[in-house]
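User: I am new to this structure. I would like to know how each label is earned. Can we go through the reasoning step by step?

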Amino acid sequence: MTQPRVGRARERVLTVRGIGKRFGAVRALTDVDFWVNEGEVVALVGDNGAGKSTLVKLLSGVHEPDAGTIEYDGELVEIASPADAQHLGIATVFQDLALCDNLDVVANLWLGRELVQGTRLDEVDMEQRTWSLLRELSAKISSVRTPVASLSGGQRQTVAIARSLIGDPRVVILDEPTAALGVAQTAEVLNLIERLRERGHGVVLISHNMADVMAVADRVVVLRLGRNNGVYNVAEVTSATLIAAITGATDNAVTRRAADRPTSSGSAVPAEEGMIIPLPRSGPRRMKDLARDTDA
Ligand SMILES: Nc1ncnc2c1ncn2[C@@H]1O[C@H](COP(=O)(O)OP(=O)(O)OP(=O)(O)O)[C@@H](O)[C@H]1O
Ligand SMILES: [Mg+2]
């Protein structure tokens with residue numbers, strides 16, 4: 001499914017260093033490093049409570065970090081509000097999608113950013129642009145004038161993702177986009193994620209589904225108990241290794257069961273030079289080592 005993308009220069013868009021966030025006594029994130037390149041799908045995985053949503057909320061301006069730095073295009077930035085994130089070019093599709101069920105696809109896409117001509121809404125222009133965006137995303141939506149309430153789960157996800165692209169963000173963050181979907185709809189959304197990568201967006205995919213991660217991601221960042229627990233190139237990792245990093249156990253029952261099953265090898269995604277992350281020999285490598293390697 002994944003296209004080989006050898007030799008394509010992929011610029012770093014977003015770099016998070018040593019980020020920390022507490023909620024009262026709860027340390028949601030401690031000293032976390034994370035980065036996204038353009039034209040790359042980074043899966044962010046981890047068990048419940050690992051800190052995935054908290055990291056996303058720091059990147060989308062919902063919460064502010066207590067420690068660490070965020071760089072965008074190599075410049076230190078503060079993301080103090082959702083408007084800041086939008087202004088920088090970071091768009092997030094949260095799990096609840098926040099669509100207006102009674103409005104049609106066009107209205108949902110342009111909500112709050114309507115195109116106007118004089119004092120009237122430019123419905124024709126908005127509808128044309130909606131179609132061209134949906135076509136570009138190979139979306140399977142036959143009418144843009146039906147209320148989104150009547151769409152399938154996959155189509156609703158598609159509308160939410162298309163809406164996130166209206167401001168032309170460089171980074172698109174998707175929180176569990178396939179969690180509620182069946183097989184065919186999941187495939188539709190995974191295709192859509194590949195279109196986003198082709199358009200050059202840096203995509204952050206939060207997922208509990210290892211098959212989805214292996215099918216579509218280039219790189220996987222594992223969080224465990226609010227800390228980094230490994231970064232892997234999908235081309236060189238198995239689901240079993242990822243599950244071991246997620247659970248923090250290299251040889252527990254779950255890992256063994258997963259290892260006994262044939263795992264998808266993850267279609268070949270040769271990273272460009274400097275981005276190849278060797279499989280760890282004894283447990284996941286520390287993120288700091290990786291950052292040193294790849295920054296070199
Ligand atoms: N607003 C908040 N107030 C207090 N604690 C919070 C808040 N948000 C998150 N936490 C805590 O921070 C930790 C990380 O939560 P987070 O939602 O980031 O995990 P997650 O990896 O997204 O989990 P899940 O897979 O269940 O969505 C948890 O212990 C959670 O209870
Ligand atoms: Mg979460």
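Analyst: Start with a pairing in this predicted model. Strand 3 (residues 41-45) and strand 10 run parallel, joined by four bridges.

User: What makes strand 3 and strand 10 a pair?

Analyst: The cut-off is at least two bridges between the strands. Strand 3 and strand 10 have four, so they count as paired. One link to look for: Leu44 has Ile206 of strand 10 as its bridge partner.

User: What makes strand 9 and strand 10 a pair?

Analyst: The same test applies, with at least two bridges needed. Strand 9 (residues 171-175) and strand 10 are parallel and share five bridges. Therefore they pair. Leu174 is bridged to Leu205 in strand 10. Val171 stands opposite Gly202 of strand 10.

User: Why is the crossover from strand 9 to strand 10 called right-handed?

Analyst: The chain leaves strand 9, passes through helix 6 (residues 183-198) and enters strand 10. Look with the strands pointing away from you: a clockwise path over the helix earns the name. This β-α-β crossover is right-handed, so its path is clockwise in that view.

User: What does strand 9 pair with besides strand 10?

Analyst: Strand 6 (residues 90-93) is joined to strand 9 by four bridges, again in parallel. In that pairing, Val93 is partnered with Leu174.

User: Why is strand 10 described as largely enclosed?

Analyst: Strand 10 covers residues 202-206, and five of the five are buried, so the rest of the structure largely encloses it.

User: How do you know that both faces of strand 10 are covered?

Analyst: Side chains in a regular strand alternate between the two faces of the sheet. Take each side of strand 10 in turn. Gly202, Val204 and Ile206 are buried on one side. Val203 and Leu205 are buried on the other.

User: Which residues cover the two faces of strand 9?

Analyst: On one side, Val171, Ile173 and Asp175 are buried. On the other, Val172 and Leu174 are buried too. In total, five of the five residues of strand 9 are buried.

User: Why does Ile243 count as buried?

Analyst: The threshold is 20 or more other C-beta atoms within 10 Å. Ile243 has 22, so it is buried. Ile243 belongs to helix 8 (residues 239-247). Its C-alpha is 9.4 Å from that of Val45, although the two are 198 residues apart in sequence.

User: Which residues touch the most other members of the largest nonpolar core?

Analyst: They are Leu44, Leu205, Val220 and Leu242, in a core of 76 residues. Strand 2 (residues 26-37) gives the largest share, six residues.

User: Why is this core said to lie between the domains?

Analyst: Domain 1 (12-89 + 172-295) and domain 2 (98-168) both contribute residues, so the core lies between them.

User: What does Leu44 contact beyond its neighbours within four places in sequence?

Analyst: Its contacts are Lys52, Leu55, Val204, Leu205, Ile206, Val221 and Leu223.

User: Which element gives the largest share of the shell around ligand 1?

Analyst: Helix 1 does, with three residues. The residues around ligand 1 include Lys52, Ser53 and Thr54.

Notes: Residues are numbered from 1 along each chain as its sequence is written. Chains are lettered from A and ligands numbered from 1 in the order in which they are written. This is a predicted model: local features need pLDDT of at least 70, side-chain atom pairs count only at pLDDT 80 or more; totals for chains, interfaces and linings use all residues. A residue is buried if 20 or more other C-beta atoms lie within 10 Å of its own, exposed if 12 or fewer, and partly exposed in between; C-beta atoms are placed from the backbone. A nonpolar core is a set of buried Ala, Val, Leu, Ile, Met, Phe, Trp, Tyr and Cys residues joined through C-beta atoms within 7 Å. Domain bounds come from an automatic or database domain assignment. Two residues are in contact if their C-beta atoms, placed from the backbone, lie within 7 Å. A residue is near a molecule or strand if its C-beta atom, placed from the backbone, lies within 6 Å of it.
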